[in-house]
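Hi,

Here is the structure I promised to pass on. Have a look at it first, then read my notes below.

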Number of protein chains: 2
Amino acid sequence: MPEMNRRWTLAARPHGMPKESDFAFGEAPIPPVGDGHVLVRVLFLSFDPTQRGWLEDRPSYLPPVQLGEVMRAVGVAEVVESKHPGFARGDLVQGMFGWQDYALIPGALLGAKLRAGVPPTWSLGVLGVTGLTAYFGMLDLGKPKAGESVVVSGAAGATGSVAGQIAKLQGAHVVGIAGGPAKCAWLTKEAHFDAAIDYKHEDVAARLRELCPKGIDVYFDNVGGEILDAVLGQIAQRARIVLCGSISNYNEVTPPPGPRNLRNLVAQRGRMEGFIILDYVARFGEGVAKLSEWVRSGAIVHLEDVQHGLENAPRTLLRLFTGANTGKQLLEL
Amino acid sequence: MPEMNRRWTLAARPHGMPKESDFAFGEAPIPPVGDGHVLVRVLFLSFDPTQRGWLEDRPSYLPPVQLGEVMRAVGVAEVVESKHPGFARGDLVQGMFGWQDYALIPGALLGAKLRAGVPPTWSLGVLGVTGLTAYFGMLDLGKPKAGESVVVSGAAGATGSVAGQIAKLQGAHVVGIAGGPAKCAWLTKEAHFDAAIDYKHEDVAARLRELCPKGIDVYFDNVGGEILDAVLGQIAQRARIVLCGSISNYNEVTPPPGPRNLRNLVAQRGRMEGFIILDYVARFGEGVAKLSEWVRSGAIVHLEDVQHGLENAPRTLLRLFTGANTGKQLLEL
């Protein structure tokens, strides 16, 4: 049995872009496994833009990570020792394990065991919270109809790429916005998008006018900022704007001003709505079943960007904010 | 029969705040009344913030008023001559008559005859499009529930004052935001609001924290700008923000930046939605019936600010933007 646990704790609240020194790498003894508890060895950690928000000392949909606490993260792990009747040594499980080699948690807080026949990392990505965010955000809030124009930002990211493909499966005309020609080429050549806009090298507003001449019916927003403003300037009547995230400003010390074109929501009777995937837990089964079917048939493709080694956890988080990743950002321990 | 018609036409598109010289006062002969047409003498004109948008040369929910055209406005009028079977000399009617003494329009475009026993101006205000905007905006989009906190800006205006009282009738805790102590006193002493914030002399964000300690569930927005931002900073989970108008920026040459706190919509699963009352025409009967009942019983009070003389039309429009009016802004011809 292991005795010591390597782990990253929160050392300082990031001011702007997180730095490696905002986290402290250390070791702590692994306590004995109490009744009802399970000790797991973490295999993969999920990296998600929303983790940046957990570092801020303000009320949100989850309490902030406290200074000195292990950095919160979802992961997949293998059960090492179980004193809970639902789990046995060797089971693969998903849960909120954090940036550490081992996690000791009540069995009641563990997710279901991973299904056989599916790569375990998929349960963190396309068949996990990431894919489900795309699924419920696009279908429940965006509600794209055949022939409508759908725009997705952060389109080469784990959520955006799935969101766009789901809209495509509804018969929509789907335009992705991503950074750089490689990501854009992947969107149109592999990921079934009708068109892609490279926001780093193209005039987003001008390209949106070209690609959505009748206006934008649905916008799945992962980035906020200027791109949201450009979209708002070109919404169609009864447009639905799904606010999934706003990664462009997560590292701003003061939130930047919002979109100038917000008032277009009035003339166009538009709706802008935020959501948190945790509210959909009761419907996860439905979403996973549908996503599994689409992934199996090839209707949805997805990529994983796997980094290696717990010591690289802070650097892996930063990849999300520099746009280094295409697809789901993971760390293999 | 009258031969000449005094009228205000659009002389120049306003750049920022409209000036009297953006309109031209002149006379034109009244053409003969053709088959199916009705000649009316305008009695009252309605002044509404949305008229500012009609002066901009950009696509919106109605086409822009063209240079040289009579300034568009809703009014009530008396039929002078009718060649339409539905109307007779002396009937009181409502319609889009414009800033002029007489209007010649197809009977098919006239609204219903005004009901007897109700002051004709009410059909422009509390029992007209203004009250209906409050009714459908608050009930269909805001959906306030008993015990919820509802905030209304432009609360001493014609729409805001009715919107707040409708929320109060649903059992909500209603806070109005208005400019100056007189308007605020009217809100709490006469118009059934639980509290009022004087945005000209008080710290809106601090007062909202005091008055809505559990967060804001519904916000009926007539003003946009900084007040919208302050509200977004304090929304409760599942908040509904009804975008009715944004008078604070109608006269800005370049739309100002939007709210910094927009991303709160994600963490709080908030919804922000714009609407145009013309989409509710099919349900106007329901709204007028309910509003009439509430006005009759005293559950809803309303004020009218009546100016006089067609020559004062541009000055009367400006009263909306300087906040001079309390309640419905009208001009009696």
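**Where the two chains join**

Strand β12 (residues 271–274) of chain A is joined to β12(B) by 3 bridges, and the two strands run antiparallel. Helices (H or I, at least four residues) and strands (E, at least two) are DSSP runs, numbered from the N terminus, and two strands pair if DSSP finds at least two bridges between them. Across this join, Glu273(A) stands opposite Arg271(B).

Before you go further, keep in mind that this is a predicted model: local features need pLDDT of at least 70, side-chain atom pairs count only at pLDDT 80 or more, and totals for chains, interfaces and linings use all residues. Residues are numbered from 1 along each chain as its sequence is written, while chains are lettered from A and ligands numbered from 1 in the order in which they are written.

**The sheet**

β12(A) and β12(B) sit next to each other in an open sheet of 12 strands, ordered β9(A)-β8(A)-β7(A)-β10(A)-β11(A)-β12(A)-β12(B)-β11(B)-β10(B)-β7(B)-β8(B)-β9(B), with mixed pairing. Its edge strands are β9 (195–198) of chain A and β9 (195–198) of chain B, each pairing on one side only. From one strand to the next, the twist averages 15°; angles run from 0 to 180 degrees between N-to-C directions, and axes are lines fitted to C-alpha atoms, for helices over the stretch in contact.

Within chain B, β7 (residues 149–153) and β8 (residues 173–178) pair in the parallel sense over 5 bridges. There, Ser153(B) has Ile177(B) as its bridge partner.

**The interface**

How many residues of chain B are in contact with chain A? There are 29, and they meet 29 residues of chain A (in contact: C-beta atoms, placed from the backbone, lie within 7 Å). On the chain B side, β12(B) gives the most, with 4 residues.

**How the copies are related**

Chain B can be laid on chain A with an RMSD of 0.0 Å by a turn of 180° and a shift of 0.0 Å along the axis (superposed by least squares on the C-alpha atoms of residues with pLDDT of at least 70 in both). The two copies are thus related as by a two-fold rotation axis. Gly258(B) comes closest to that axis of the residues of chain B, at 1.9 Å (C-alpha). Both copies use the same surface: 100% of the contact residues of chain B recur in chain A.

**A helix on the sheet**

Finally, look at helix α4 (residues 181–189) of chain B, which lies across β8 and β9 of chain B and runs at about 170° to β9(B).

Cheers

Technical notes
Contact = placed C-beta atoms within 7 Å.
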